[in-house]
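Let's take a walk through the inside of a protein together. Keep the 3D view open as you read, and turn it whenever a residue is named.

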Amino acid sequence: MREIVTLQVGGFANFVGSHFWNFQNELLELAEDPEADPVFKNQALNMDVFYRYGETHQGIPTYTPRLLSVDLQGSLGSMSSSGTLYNGGSSVPSSVMTWDGNVTTQASEPRRKNLFLQSLYQEEQENSLTVENGVSGGENGSRREVSDRDIVEQLENNVQYWTDYSKAHYHPQSLYELSGSWIDAHKFDNYGIGRDSFSGGLHGEEMSDRLRFFVEECDHVQGFKFIVDDSGGFSPIAVDFLESIADEYTNVPVLLYAVRGPGSVIDSISQKHRVSRKLHDAVSFSRLSSLCKLIVPVGLPSLSRSKASKLLCIKDEKPYHCSAVYAATLHSVSMPFRMEPLGPNADSTYASGALTVNEVVQMLSGQARQNMVTILDAAMPAPSLTGNQVEQSFLRNLQPLTPEVSEHVKDLQSVESMTVLGALGTGGQWASMYEVKGMVHAAYEHAITRPMFSHLSVAQCPLPIPLPFPSIFGNRVGQHGELLGTPVMGSSSRGSLDVHSIPMAARLRSSSAILPFLENRLGDLRKFGIARGGPGAELLRSWGFAKDESEDMGETLSKMIAELNPRSQMSSDSD
C-alpha cells in the first residue's frame, strides 16, 4: 500500500481542500452508481491511497480522508470539530476540580446549516431508511431538482466557510481548530502575527499527535501532500509543523502547495503595509521551501483576468470560486499517485503513467539541476482531441496558476510531469489511452522548444462536477466539458446542473520561467530587510529574525536563482 497523508493549514488551503475532497467523494459515489457512465468505475485507481477505513463507536464502517485540517477557531461554520460520523461527547467542558466557585458557560448559537448541508443530511437519512426498510426515494426526484437550483443559488451568494459546501465526512482527528485563536482573519496577515499568536503553546504537539494517528495506521506512507495558505499568519504555523515532520519522518517526502486567494495580493495603501507584505512573501517562501522536497506556489493575483480562465467565469472576490480551479488542478496532478502500477509490458484501458510522490520529486528536482520550485499549469477544461491544429493548440491551452512566471522561455533543461484526464475524442466520446499519448507526443514534436524530459500520465476518467461546485463555467462549455459551437443563451455562467464532467490537463513544470518569482522575493528581502537602513529591518527583528538569519534566508533564495541561472546578478551577494 502507498498511502498519502494530506495536511491542510489555513483558511484558503481548506477552501481548496474542501473542493478536492468533494471530487473524491463524487468519484466514490459514481463508482457505486449502476447508472453512472462506466468511465467512472475506477478500475485502475486505488482510492485507498487518500482514504482510510474505520468504524464508529456503534461499529458502523467508515471510509474517510486521511487528512489533518488546521484552521482558526470558529472556522468550521455549522460543522462540529468531531465531524459528522462520530458524534462524540458534549462540547460542554467537565467540572473544573481546582475551582469551587460559580462557573459560567458562554456558548454561541450553532450556525444553521445551509440548504446544501440540509439536503445532504436528508439524503443520508433517506438512504439509511432505504437500506433498513427497502423504501424507495424515487418519488422525491422532482422536488430535489427544484431544491438543487435553490441550493446552487444559495451557494453562489452565501458561502462563508469551507464547510458550507463540503460533501465529505471527516474523522474526529481530522479537524483541528487552533483554540484560543478568535482572531480576525483579515488581520492575521503576516508572518509575525502568526508567530506571536501561537508560539509557546501546545498546538504543535497536539497537531503532531493527530498526524501520528494517521501515519501509524499506514503500511507504507509514500508522502505528505501539504497545502498551506501562505498569505498570512499560517506560514509560521506550517513552518513549525514541517520542522516537526522533518524530525519525525525523515525519509517521507513532502510535496508542498503554497496557495493563496486573489484577495491576499491587493495593493496596500500604506508604505508600511506594503513593506510588511513584501517581507512576508520573501520570508514565508524561504522558510517553507527549506522544509520540503518540492514546493509549488499556487495563486494568481487575478484568476478571472488570466489566460487560465478564458473558458471560465470567475469572481476573484469569492474564495469559493478561485479555490475550485486550484482544487481541480491539484486533483489532476495527484491522479498518478493513486494509479495502479503496471508491469513493463502491461497496458491499461483506463489509466497509465502511475507515479509515487517520491518519483515526482526526484523527476522534477533531481535532474541536471537541483530546482525544487515547480510551476503548476492547467487547461480547464482541456481541449478535445479533434480539429486541424489540435497538436499546436494543446500545449498553448496549458496556462500557469503559479504567479510571476515568464512566458515563452526557452529552457533546454526543463522537466515536466503532465496529467490528462477524460480527454474527448471524435464525436464527443472518451479518447483512448493510445489517442491521448499520440496527440501529446505530436504536440511536443510541433513545439518550438521541448522539455529535456516529460512524463505523461493519462486517465480516461474525467473530472466529475459535484452539486456544490460553483457556477464558473462559461456559456460555451457543454455537459461533458466540450466546447460548444455557439454560446448557451440566457446565462453567462454554467454550473453543476449544466456541466456534469470536464476533461482536464495539468502539468507540474520545473523551468527557469520561475526566475521572476524567485528574484522578486530575493530583491524585496535585500531591499527592505537586509540592506543597511532598510525600512523593514526592525520589522524582521520583531518577527524573531536576527540579521544573520535574514542573511541566511537571502542566501537560500540566491542559491535557488543560481541553480536556474548561474549568470544572474541576483545570485550574487551584493545588495
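The paragraphs below go from the nonpolar cores to the cavities and then to two cysteines.

Keep in mind that this is a predicted model. A good place to begin is with a general idea: in soluble globular proteins, nonpolar side chains tend to be buried together. Here, the largest nonpolar core has 85 residues. Try to find Tyr257, Tyr326, Met380, Leu401 and Phe473, the residues with the most contacts inside that core. Which helix gives this core its largest share? Look at helix H8, residues 319-338, which supplies 11 residues. Apart from this core lies another one, of 62 residues, and among them are Tyr176, Leu211, Phe226 and Ile295.

Now zoom in on Leu401. Leaving aside residues up to four places away in sequence, Leu401 touches a whole list of partners, including Pro297, Val298, Gly299, Leu300, Val325, Tyr326 and Thr329. Ala308 and Ala378 are also among the residues that Leu401 touches.

Those two alanines lead us to an empty space, as Ala308 and Ala378 help to line the largest cavity. Met380 is another of its lining residues, along with Lys307, Lys310, Leu311, Ala379, Pro381 and Asn397. By class, the lining has 6 nonpolar, 1 polar and 2 charged residues. The volume of this cavity is about 70 Å³, and the structure holds 4 cavities of 30 Å³ or more.

Finally, what about the cysteines? The structure holds 0 disulfides. Is Cys218 buried or exposed? Cys218 counts as buried because its relative accessibility is 13%, under the 20% cut-off. Cys313, at 27%, counts as partly exposed.

Conventions. Residues are numbered from 1 along each chain as its sequence is written. This is a predicted model: local features need pLDDT of at least 70, side-chain atom pairs count only at pLDDT 80 or more; totals for chains, interfaces and linings use all residues. Side-chain values use heavy atoms; hydrogens and water are left out. A disulfide is a pair of cysteine sulfur atoms within 2.5 Å. Buried means under 20% relative accessible area, exposed over 50%, partly exposed in between (1.4 Å probe, protein chains only). On a 1 Å grid over the protein atoms alone, a cavity is a set of points where a 1.4 Å probe fits but cannot get out, and a pocket is an open set with protein on both sides within 12 Å along at least five of seven lines; lining residues have an atom within 4 Å of a point. Grid points are joined across faces, edges and corners, and a volume is the space filled by probe spheres set on the points. Ala, Val, Leu, Ile, Met, Phe, Trp, Tyr, Cys and Pro count as nonpolar, Asp, Glu, Lys and Arg as charged, and the others, Gly among them, as polar. A nonpolar core is a set of buried Ala, Val, Leu, Ile, Met, Phe, Trp, Tyr and Cys residues joined through side-chain atoms within 4.5 Å. Helices (H or I, at least four residues) and strands (E, at least two) are DSSP runs, numbered from the N terminus. Contact means heavy atoms within 4.5 Å.
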